[in-house]
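These are my notebook entries on a structure I looked up. I record what I looked for and what I found.

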Amino acid sequence: MVSTPAMAQAAPCANPANPIVAENCQPGTNEWITQNPIGDIFGYASVDSVNRGGSLDFLVDTGAPTFDIRIYRSGYYGGLGGRLVKTVEAVPGQKQPDCQEQYDTGLVSCANWAASYTLHIPEDWVSGVYVARIIRSDTGGDNYILFVVRDDERDSAILYQQSVSTYQAYNNYGSKSTYSSSSGFCPTVTEASRAAKVSYNRPYNQSMADPNSYFRAEYPMVRWLEQQGYDVTYSTTSDTHRSGQPGAANELLDHQAFFSVGHDEYWTQEMWDAITAARDAGVHLGFFTANTSYWRIRMEDDPITGEPNSVLVTYKTIESGPPDPTGFSTSTWRDPEGPNQPENSLIGVMYIGDNDSLFFPMRITADKVSDRIYRHTGLEAMPPDTYINVGDYIFGWEWDAVVDNGHTPNGLEILAETPVFGLLLQDAGKFENGMMGLAAAHTTRYTAPSGALVFASGTIQWSWGLGARAVLPVEPDAIISQMTYNLLADMGLTPATPVGIILDGEETGPAPIDPARFISLDAPAPVISDVQAAVSGDSVTISWKTDVETIGQIWFGGRSGHVIFPMAQDLEYRTEHSITISDLTTPRDFKVGPSVFTTAARYFTVTASDKNWNTSISAEGSFEIGTPPLATQLRNTFNSLTQPARCFVRANLTLSIGIGVVGALVVLALLAFGFRTLRRRGRAAG
């Protein structure tokens, strides 16, 4: 019998099996979601995690006379996703000083801000992810601050890690992140505009809708774990880092399983060491992630306060610029001239590519369904040589795969192979060398010599099959939910309030699956024809036809064989497609930074995916853009001429003021000299 929400809620609240069950019996609310994020209030917490009974500061910048703080714990709470645990009203507002900057490295630190409110964590607060909404009293503008409450004294079954290091790497508050695409145009020591160092002492500039935030893929997993009543406590990547420091107690060893969820891209060596040691001690690892442990980073003290481990350092040498001056390589983990420690040696898979604007269902083939992870799913009776697509938007936006590099763990099993397409890496991490193409992402599992299971989803958005798509509640996918339960059960983890899953030992089987969902592996891919590019000024209309109804994307590149930018898409199933792309001469910021289109030539491909996600990619086409409007030409010329001067002024403000004063004096002197000369000539003429 499949349990229902009403059944799960009835008895457990009378005698809760663990603190998570008891906590989720409390009344919930969805008011933790920001309502009016108009950018007129920002804040951050002095630490990203704190133990029960500890304290932290909120540092808030706002022009409002007062603001309110409403603190919510993130969880299930009857599907509402949060519970209000504390309200603080009429906190005095203040305009904080400008954050301090190091222009050579791009570091922006707001550690010079003053505390607006000190929060003392009650001993009875349950470990979890907490969201503090800060709300202006005048405009109603609001924003959020994240922090984790730990429970260092409780050895829960699951230790959940929040990926704070990745949030901060993408955070461009102060106009700098570790990505040139969100760091303006002023160069740093990296020989690009991206920062080599970012501070944790900054507000998050990401909205709740941003893909590189807690809310995109982590919140849905937290919601599901707590709905099911798993015994879980919470930590952050900062805590994992501390667990791996020499001489420190490895907190991961106190739990049966350690989970990394969503987008966990930036790892220190200490994190790697702590997680590896946990695996080798028999702690199960669940990587419900992709692009995991891609960049190796190190931590530094804050240059203003001296706060330890509060500045993330990554020179990303494989992309551009000099190596990390300390001699400790901060490049990709797989960089053969850097760490040379490919991430698949621990995780089983490694990042291969992404598609930021189109996501894929998980593909399960009949030859895989005899594995234990598929028990109670109804897939065991799939016809031979067929596949089924499971879940909406599960594989995205980045994906991992098994790679034959000599580092694959012994006994690695491929549980599913999902077709994807997008930008594919061609080397050890220089993104600009990528090329658009077809690939397969892998869901895997292996058993370490210690007996620990190590699971890798191969996708960031596995959790989108568990009842929420980011903050939006959706119907959970029965197969993804059952697979997740099966995996956790094999790790010895038991849900106290199971909902929508079949437990081992139950006699009732799953609902039958519609045979029409089983698709032959021999199904052909769509045929693309009549690809045309019609140019009009600095716009182009690209059209193509397919033999069956399809959806499609258009990808651009600045040179032949280097098509890497998704430019537009048509998500209506049809056989004739036409998309117009305008303003092609305006510089665009892509993931790698400012536009690499340095000539009038544009190269492109189009894709076609049918309703069963069989996909084709056209041959490469090309066109040349026409002359842009005069206003666009003037704007582009002005920007290219003034950008270096603006960067110089920003990095050398005092010197620039001095030069400006001297220049003004010189101009005044020349004017005075000219005036005197004219007067003399006038007298002489008279």
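**Entry 1. A hairpin.**
I began with strand β24 (residues 435-447), which is joined to β25 by four bridges, the two running antiparallel. I note at once that the model is a predicted one. Within this pairing, I found Arg445 to be the bridge partner of Phe455 in β25. The two strands, β24 and β25, make a hairpin, and five residues lie between them. In the turn, Gly451 has a positive phi of about 95°.

**Entry 2. The other neighbour of β25.**
I next looked up strand β16 (residues 284-290), which runs parallel to β25 and is joined to it by three bridges. Phe287 stands opposite Ala456 of β25.

I then asked which residues of β25 (residues 453-456) are buried on each side. Leu453 and Phe455 are buried on one side, and Val454 and Ala456 are buried on the other. Both faces of β25 are therefore covered, since buried is taken as under 20% relative accessible area. As a general point, side chains in a regular strand alternate between the two faces of the sheet.

**Entry 3. Two residues of β24.**
I returned to β24 for two of its residues, Thr444 and Tyr446.

Is Thr444 buried or exposed? Thr444 counts as buried because its relative accessibility is 0%. Leaving aside residues up to four places away in sequence, I listed what Thr444 touches: Val454, Phe455 and Ala456 are among them, as are Ile347, Val349 and Val402. The list also includes Leu412, Glu413, Ile414 and Leu415.

Tyr446 has 3% relative accessibility and so counts as buried. With residues up to four places away in sequence left out, Tyr446 touches, among others, Ala452, Leu453 and Val454. Its contacts also include Ser345, Leu346, Ile347 and Gly348, as well as Pro409, Asn410, Gly411 and Leu412. Arg279 is another residue that Tyr446 touches.

What does the side chain of Tyr446 reach? I found that it reaches the backbone oxygen of Leu346 at 2.6 Å. I also noted the C-alpha separation of Tyr446 and Gly348, which is 7.5 Å although their positions lie 98 residues apart along the chain as a separation in sequence.

**Entry 4. An open sheet and its helix.**
I turned to a sheet of four strands, which is open and has the order β12-β18-β17-β15, with mixed pairing. Why do β12 (197-199) and β15 (266-268) each have a side without a neighbour in the sheet? They stand at the edges and each has a single partner strand, so one side of each is left free of a neighbour there. From one strand to the next, the twist averages 40°.

For β15 the partner is strand β17 (residues 295-300); three bridges join them, and they run parallel. Thr268 stands opposite Ile297 in β17. Helix α6 (residues 269-280) packs on this sheet and touches β15 and β17. The direction of α6 makes about 80° with that of β15.

I checked the span of α6, which has twelve residues. From its first C-alpha to its last it reaches 16 Å, close to the 16 Å expected at 1.5 Å a residue. Its buried residues are Gln269, Met271, Trp272, Ala274, Ile275, Thr276, Ala278 and Arg279. In general, an α-helix has 3.6 residues a turn, so residues three or four places apart point the same way. Just after α6, Gly282 has a positive phi of about 100°.

**Entry 5. A tyrosine in β13.**
I looked up Tyr234 in strand β13 (residues 232-236). Tyr234 counts as buried because its relative accessibility is 1%. Its side chain makes a polar contact with the side chain of Glu226 at 2.7 Å. Setting aside residues up to four places away in sequence, Tyr234 also touches Arg73, Val148, Val149, Arg150 and Val222, among others. Tyr234 and Gln161 are 73 residues apart in sequence, and 6.0 Å separates their C-alpha atoms.

**Entry 6. The whole protein.**
I closed with the totals. The protein has ten helices and 36 strands. It has 686 residues, of which 55% count as buried. Of the contacts between residues at least 6 apart in sequence, 72% join residues at least 24 apart. The exposed area is about 27200 Å², with carbon and sulfur atoms supplying 53% of it.

Terms used
Residues are numbered from 1 along each chain as its sequence is written. This is a predicted model: local features need pLDDT of at least 70, side-chain atom pairs count only at pLDDT 80 or more; totals for chains, interfaces and linings use all residues. Side-chain values use heavy atoms; hydrogens and water are left out. Buried means under 20% relative accessible area, exposed over 50%, partly exposed in between (1.4 Å probe, protein chains only). Contact means heavy atoms within 4.5 Å. Accessible areas come from the Shrake-Rupley method with a 1.4 Å probe; for residues, only the protein chains shown count as cover. Two strands pair if DSSP finds at least two bridges between them. Axes are lines fitted to C-alpha atoms, for helices over the stretch in contact, and angles run from 0 to 180 degrees between N-to-C directions. A polar contact is a pair of N or O atoms within 3.5 Å; within protein, one must be able to donate a hydrogen and the other to accept it, and residues adjacent in sequence count only if both atoms are side-chain atoms. The expected span of a helix is 1.5 Å times one less than its number of residues.
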